[in-house]
Amino acid sequence: MIQSSELILNPDGSVYHLNCKPEHIAHDIIFVGDQNRVEKITQFFDSIEFSTQKREFKTQTGMYKGKRLSVISTGIGPDNIDIVMNELDALVNVDFATRQPKEKLTSLNIIRVGTSGSLQADIPVDSMVMSKFGLGLDNMLHSYLIDKITHPEIEDAFISQTNWDLKKGRPYVISCSEKLEKLIESDQIFKGFTATAPGFYGPQGRVVRLAIQDPALNHKMDNFKFGVTRITNLEMETAAIYGLSALLGHEALSLNAIVANRANGTFSEDPYKAVDALIAYTLNKLAE
């Protein structure tokens, strides 16, 4: 039995952080970082049956063109992804009455719709990027047993090509869901590695007042390649989503609207338009 200290439920029977009960969650889920972006997606729904928010975790479930979907805001960073993924999995795969894992497990389809900065000069602002791989530069996932889901040959190549300091922890690489990749891909979407950093400033090479451990890291990442695959963008959630989804048996894919180009020093003139285009594209693909 899963102890109450390990899986915490609220007095109304909802899971602790997400504030949801099992019946509130669809099997097809869109993740966003910003809670204000939830309604930017659900405004297109035909109906909304459930809505809740606790802290940065906002959830709305409804129907879009006959498809039941949930939209959940995760907040920022791998630590929040640890909360959201474990609680989502518990909602569908743990019997809250007996506190036992269910005999028949459910696999969720999870698509992250986010914003990001491109590291490559030829991936312009307002374009869309699909994360073929998540490259985790954080250490959260190392709390779990991940050897069976990682790509050590790519990790070793990254460590070698960037002269990565292992005092920061070993980077990990996880593949996206092939099922969702085939559903979503098109000629207009760039593919590559998405690097997931554990912070916004120093971990992403930004300098305000503090010196950083490797000022040349972003340049090294720009030039990293494994075969023909390169690092396309840098953000804070994708690799953690891919890792926990793979461990828990869910399908996951990360899509980003590129609103900044770090190589060119440019920023979108209308980032909201770029995000709206990605939202519309994703919703219509899920409803097909």
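This passage describes the overall form of a predicted model and then several loop residues and a charged surface patch.

The protein contains seven helices and 14 strands. Its C-alpha atoms occupy a box of roughly 50 × 40 × 40 Å along the principal axes. For a chain of 288 residues, a compact globule would be expected to have a radius of gyration near 19 Å, and the value of 19 Å computed for the protein agrees with this. Of the 288 residues, 54% are buried, that is, they have under 20% relative accessible area.

Two residues other than glycine were found with a positive phi. The phi of Arg55 is about 55°, although Arg55 is not a glycine. Arg55 belongs to the loop that connects strand E2 (47-54) with strand E3 (57-64). The relative accessibility of Arg55 is 54%, so the residue counts as exposed, the cut-off for this class being over 50%. Asn163 likewise is not a glycine and has a positive phi, near 55°. This residue is located in the loop between helix H3 (152-162) and strand E9 (172-175). Asn163 has a relative accessible area of 61% and is therefore exposed. Arg55 thus lies in a loop between two strands, whereas the loop that holds Asn163 runs between a helix and a strand.

A patch of negative charge is present on the surface, where Asp126, Glu269, Asp270 and Asp276 gather. One of these residues, Asp126, is placed in the loop between strand E7 (109-118) and strand E8 (128-136). With a relative accessibility of 44%, Asp126 counts as partly exposed, because this class covers values between the limits of 20% for buried and 50% for exposed residues.

A further loop position is that of Gly249, which is found between helix H6 (238-248) and strand E13 (251-261). Gly249 has a relative accessibility of 41% and so counts as partly exposed. In sequence, Gly249 and Tyr16 are separated by 233 residues; in space, their C-alpha atoms are 22 Å apart.

With respect to accessibility, the loop residues described here fall into two classes. Arg55, at 54%, is exposed, and Asn163, at 61%, is exposed as well. Asp126, at 44%, is partly exposed, and Gly249, at 41%, is also partly exposed.

Notes
Residues are numbered from 1 along each chain as its sequence is written. This is a predicted model: local features need pLDDT of at least 70, side-chain atom pairs count only at pLDDT 80 or more; totals for chains, interfaces and linings use all residues. Side-chain values use heavy atoms; hydrogens and water are left out. Helices (H or I, at least four residues) and strands (E, at least two) are DSSP runs, numbered from the N terminus. Buried means under 20% relative accessible area, exposed over 50%, partly exposed in between (1.4 Å probe, protein chains only). Patches are made of residues with over 30% relative accessible area and no salt bridge: like charges are joined within 9 Å, nonpolar side chains (Val, Leu, Ile, Met, Phe, Trp, Tyr) within 5 Å. Accessible areas come from the Shrake-Rupley method with a 1.4 Å probe; for residues, only the protein chains shown count as cover. A salt bridge is a side-chain nitrogen of Lys or Arg within 4 Å of a carboxyl oxygen of Asp or Glu. Lys and Arg count as positive and Asp and Glu as negative; His and the chain ends are not counted. The place of a charge is taken as NZ of Lys, CZ of Arg, CG of Asp or CD of Glu. The radius of gyration is taken over C-alpha atoms; the globule rule is 2.2 Å times the number of residues to the power 0.38.
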